[in-house]
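Here is a friendly briefing to read alongside the model. Please keep the sequence and the 3D view open as you go.

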Amino acid sequence: MAKVLVLYYSRTGNTEKMAEAVKEGVENSEAEVDLKNIEKVEPAILTDYEGIIIGSPTYYGLSAAPVKEFLDKSIKFHGKLTNKIGSAFSSCATVGGGVESTILSILEAMLVHGMVVKGYSDIGHYGPISVGEPDERALKECQDIGERVGNLAARFS
Ligand SMILES: Cc1cc2nc3c(=O)[nH]c(=O)nc-3n(C[C@H](O)[C@H](O)[C@H](O)COP(=O)(O)O)c2cc1C
């Protein structure tokens, strides 16, 4: 069975709530799911999964330092993540606060790893976003991407 890893960093809980909704979505798919705090795992874990979804708060229009540090350390596995399915999500404080550039910065790292990045035509195009605490729309989008990435990972594996 395909496995999806949901990784997140969260200081005040908003991104964590989004990550839990993403996990619920994967549970509705054909894949298995693990949810982990990015500070508690090492990048070696990435090789165990067919799908990888990463969430970060928006910090100065980019991901938070622990997420970037994790991605930088993932160089040890460069070439080993090719064709895994990737997606990202982010929480910010204000509309126009750089939440999409945060998501894109994570997706860029996934592309450099040779991963297959999932886009979305009918919800937040790069991935779910939340302004402050995630509302019903944001949580639904998180569930949606979890389910879609899970099903895609299952199809690819
Ligand atoms: C160091 C720092 C930088 C931040 N930079 C931004 C920013 O550029 N744009 C924005 O909209 N919010 C910014 N925020 C607010 C957080 O993105 C926002 O509060 C988010 O919901 C926090 O997520 P969390 O509850 O998962 O920690 C920043 C917060 C911190 C602590």
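The notes below cover the ligand site, one helix and a few individual residues.

This is a predicted model, in which local features need pLDDT of at least 70 and side-chain atom pairs count only at pLDDT 80 or more, while totals for chains, interfaces and linings use all residues. Residues are numbered from 1 along each chain as its sequence is written, and side-chain values use heavy atoms, with hydrogens and water left out.

**The ligand and its shell**

- There are 16 residues around the ligand, where a residue is near if one of its heavy atoms lies within 4 Å.
- Those that come nearest are Ser10, Thr12, Thr15, Thr58 and Ser91.
- By type, the shell holds five nonpolar residues, 10 polar and one charged; Ala, Val, Leu, Ile, Met, Phe, Trp, Tyr, Cys and Pro count as nonpolar, Asp, Glu, Lys and Arg as charged, and the others, Gly among them, as polar.

**Polar contacts to the ligand**

- A polar contact is a pair of N or O atoms within 3.5 Å; within protein, one must be able to donate a hydrogen and the other to accept it, and residues adjacent in sequence count only if both atoms are side-chain atoms.
- Thr15 places a polar side-chain atom 2.6 Å from a ligand oxygen atom.
- Thr94 uses a polar backbone atom, which sits 3.2 Å from an oxygen atom of the ligand.
- At Gly97, a polar backbone atom is 2.7 Å from a nitrogen atom of the ligand.
- On its own the ligand has 650 Å² of accessible area, and the protein covers 78% of this; areas come from the Shrake-Rupley method with a 1.4 Å probe, and for residues only the protein chains shown count as cover.
- Helix 1 (14–27), strand 3 (51–59) and strand 5 (85–92) are the elements that give two or more residues to the shell; helices (H or I, at least four residues) and strands (E, at least two) are DSSP runs, numbered from the N terminus.
- Strand 3 supplies the largest share of the shell, three residues.

**Helix 1**

- The 14 residues of helix 1 should span 20 Å at 1.5 Å a residue, and the end C-alpha atoms are indeed 20 Å apart; the expected span is 1.5 Å times one less than the number of residues.
- Its buried residues are Asn14, Thr15, Met18, Ala19, Ala21, Val22, Gly25 and Val26; buried means under 20% relative accessible area, exposed over 50%, and partly exposed in between (1.4 Å probe, protein chains only).
- Viewed down the axis, these buried residues fall within an arc of 160 degrees, so they line one face of helix 1; the arc is that of the directions from the helix axis to the C-beta atoms.
- Ala19 in helix 1 is buried at 0% relative accessible area, and its C-alpha atom is 9.2 Å from that of Tyr9, 10 residues away along the chain.

**Loop residues**

- Ser29 belongs to the loop between helix 1 and strand 2 (32–37) and counts as buried at 12% relative accessibility.
- A polar side-chain atom of Ser29 lies 3.0 Å from the backbone nitrogen of Ala31.
- Tyr60, in the loop between strand 3 and strand 4 (62–63), is exposed at 86% relative accessible area and has a positive phi of about 55 degrees although it is not a glycine.
- Asn83, in the loop between helix 2 (65–73) and strand 5, is partly exposed at 48% relative accessibility; this non-glycine residue has a positive phi of about 70 degrees.
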